[in-house]
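Open the model in a viewer and keep the selection panel at hand. The stops below say what to select next and what is found there.

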Amino acid sequence: MRVNVTVNGRPMTADDVWEGESLLYVLRERLGLPGAKNACEQGECGSCTVYLDGTPVCACLVAAGQAEGREVVTVEGLAPGGGPGGEAGDGRRGGRDGALDEVQRAFVDAGAVQCGFCTPGLIVQAHALLASADGVPPDADIREALAGNLCRCTGYEKILDAVRLAAARRAETGSRA
Amino acid sequence: MDFLRPRSWAEALELKAGRPEATPIQGGTDVMVEINLDKGRPAALLDLTPIPELREWSREGEVIRLGAGVTYARLIAELGADLPGLAQASRTVGSPQIRNRGTVAGNLGAASPAGDSHPPLLACGAVVEAESVRGTRLIPIGEFYTGVKRNALAPDELIRAVRIPSATGPQYFSKIGTRNAMVIAVCSFAVALDSRERRVGAGIGSAAPTPRRAAEAEDFASGALDWDGRGPLDPGVARRFGELVAASAAPIDDVRGRAAYRTHALAVMARRALGWAWDDFRADDRGGSAR
């Protein structure tokens with residue numbers, strides 16, 4: 001079947017989609033967006049987290065057909081220029097000139113990335129937390145927000161640092177994530 | 001496999017009547033796991049997410065009619081005061097991403113004995129609203145679960161909504177797991193005090209082939225509690241309540257826990273949950289209105 005979905009602000013079409021396929025598979029294998037990662041395929045690890053109509057979800061648990069006509073934002077679409085206006089122009093390569101979203105920047109600066117496999121999901125989920133939080137969220141809120149994102153390298157401390165850092169920087173500049 | 005995409009509830013019922021083997025899909029948190037891991041391959045998926053009325057809940061007298069598409073996240077945000085037991089259980093479901101997609105109706109459709117919604121629905125006497133082209137059928141929750149991952153729905157029926165009495169007293173949910181998130185219950189328990197009828201409801205999960213009520217424990221506590229005097233909970237009553245809840249279970253040994261552990265844990269959870277609920281009841285000056 002054909003699936004029409006707006007990804008990172010750009011209308012996209014995938015053809016020959018199998019009816020039992022997930023949105024994650026469509027993004028990675030048909031639309032060339034490998035940011036969201038494929039690991040557990042059962043909603044346990046959070047590494048495939050994307051926005052679906054503004055809400056973070058596990059893309060592996062969304063049937064491809066359920067994304068028909070809806071808006072998806074992946075980790076590639078978070079940075080300024082990561083959408084249709086970016087240098088890549090196709091929503092595929094993230095921000096122009098290496099531009100990073102402030103959550104991405106904070107992950108780099110805090111050293112919150114080791115193997116990197118869980119990072120895209122954590123960044124989307126942290127991005128959603130900060131979009132709805134005022135100031136720096138209490139640790140309990142950060143932990144709760146990230147409870148469905150597994151990292152097997154870092155022990156999470158640097159990840160918590162990164163979320164606090166992004167939140168603090170945002171509070172300073174008054175911008176929204 | 002076919003992907004059926006009805007644009008209205010009437011069309012969904014027509015499609016289900018024509019393709020009774022089609023698997024309804026809402027949040028996908030059970031259905032897609034089956035497909036992704038190749039544990040099962042439905043002949044067709046019937047996507048219910050485009051149907052707007054399923055995403056609504058309404059107040060009908062003293063009952064909340066919870067549309068089949070209302071997510072756990074919305075239930076937690078909007079219905080915590082009316083349905084405190086179910087909201088507590090919903091907070092323990094999966095992770096934020098799962099709660100953004102999963103639904104109580106999906107929990108009922110899957111009918112896993114470990115589903116988190118079931119104990120509170122049993123404790124407060126919910127009713128499942130099933131519909132087909134033949135009409136609407138109201139199924140009391142105690143008759144809904146018919147076996148491991150089996151329910152009372154006819155092949156052409158879909159869950160339209162769940163009708164849940166708004167709380168008339170304190171409610172609590174308790175769940176055993178290996179961590180505080182992303183946990184399938186080792187066993188679970190819910191209690192609901194109906195301070196008007198002076199009844200105690202008790203539902204158990206993940207400790208029998210189906211979720212089930214602990215009827216003997218309910219009758220015992222309803223009669224033994226000091227509803228008029230609102231005195232402290234008699235430790236003997238609490239202990240006996242726990243024993244009767246545990247006695248109503250029929251657990252097995254499996255990967256998540258041993259039967260003996262489940263029986264023990266149920267007795268402890270039931271005793272404690274009754275204590276929490278009773279303390280709230282005693283502290284409530286308003287004479288037992290919903291918390």
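**Stop 1: a hairpin in chain B**

Select residues 127-132 and 135-140 of chain B: these are strands β6 and β7, which run antiparallel and are joined by six bridges. The model is a predicted one. Two residues lie between β6(B) and β7(B), and the two strands form a hairpin. To check the register, pick B:V127, whose bridge partner in β7(B) is B:P140.

Now add residues 158-165 of chain B, strand β10, which pairs with β6(B) in the antiparallel sense through five bridges. Here B:E129 is the residue to pick; B:A161 in β10(B) stands opposite B:E129. β6(B) is therefore bridged both to β7(B) and to β10(B).

**Stop 2: two domains of chain B**

Colour chain B by domain, with 2-37 and 53-165 as domain 1 and 171-283 as domain 2. The C-alpha centres of domain 1 and domain 2 of chain B are 24 Å apart. Where they touch, domain 1 of chain B contributes 23 residues and domain 2 of chain B contributes 25.

Which elements supply at least two residues each to the side of domain 1 of chain B that touches domain 2 of chain B? Select α4 (84-91), α7 (118-123) and β8 (145-147) of chain B. The largest share of that side, six residues, is from α7(B). Coloured by class, the side of domain 1 of chain B that touches domain 2 of chain B shows 12 nonpolar residues, 10 polar and one charged.

**Stop 3: where chain B touches chain A**

Show both chains. The contact is between 25 residues of chain B and 23 residues of chain A. On the chain B side, select β1 (2-4), α2 (31-36), β3 (44-47) and α5 (96-99), the elements that give two or more residues to the side touching chain A. Four residues, the largest share of this side, come from α2(B). The side of chain B that touches chain A holds 12 nonpolar, eight polar and five charged residues.

**Stop 4: chain A as a whole**

Hide chain B. Chain A has five helices and five strands, in the order β-β-α-β-β-β-α-α-α-α from the N terminus. Of its 177 residues, 50% are buried. Counting contacts in chain A between residues at least 6 apart in sequence, 59% join residues at least 24 apart.

**Stop 5: a loop residue and a helix in chain A**

Pick A:E44, in the loop between α1 (23-30) and β3 (49-52) of chain A. Is A:E44 exposed, partly exposed or buried? A:E44 counts as partly exposed because it has 17 C-beta neighbours inside 10 Å. Then add A:N149, which is 105 residues from A:E44 along the chain, with a C-alpha separation of 7.6 Å.

Last, select residues 102-110 of chain A, helix α2, in which A:E102, A:V103, A:Q104, A:A106 and A:F107 are buried. In an α-helix there are 3.6 residues a turn, so residues three or four places apart point the same way. To see what the buried residues of α2(A) pack against, show α3 (119-132) and α5 (157-173) of chain A. Just after α2(A) comes A:G111, with a positive phi of about 70 degrees.

Definitions and conventions:
Residues are numbered from 1 along each chain as its sequence is written. Chains are lettered from A and ligands numbered from 1 in the order in which they are written. This is a predicted model: local features need pLDDT of at least 70, side-chain atom pairs count only at pLDDT 80 or more; totals for chains, interfaces and linings use all residues. A residue is buried if 20 or more other C-beta atoms lie within 10 Å of its own, exposed if 12 or fewer, and partly exposed in between; C-beta atoms are placed from the backbone. Two residues are in contact if their C-beta atoms, placed from the backbone, lie within 7 Å. Domain bounds come from an automatic or database domain assignment. Ala, Val, Leu, Ile, Met, Phe, Trp, Tyr, Cys and Pro count as nonpolar, Asp, Glu, Lys and Arg as charged, and the others, Gly among them, as polar. Two strands pair if DSSP finds at least two bridges between them.
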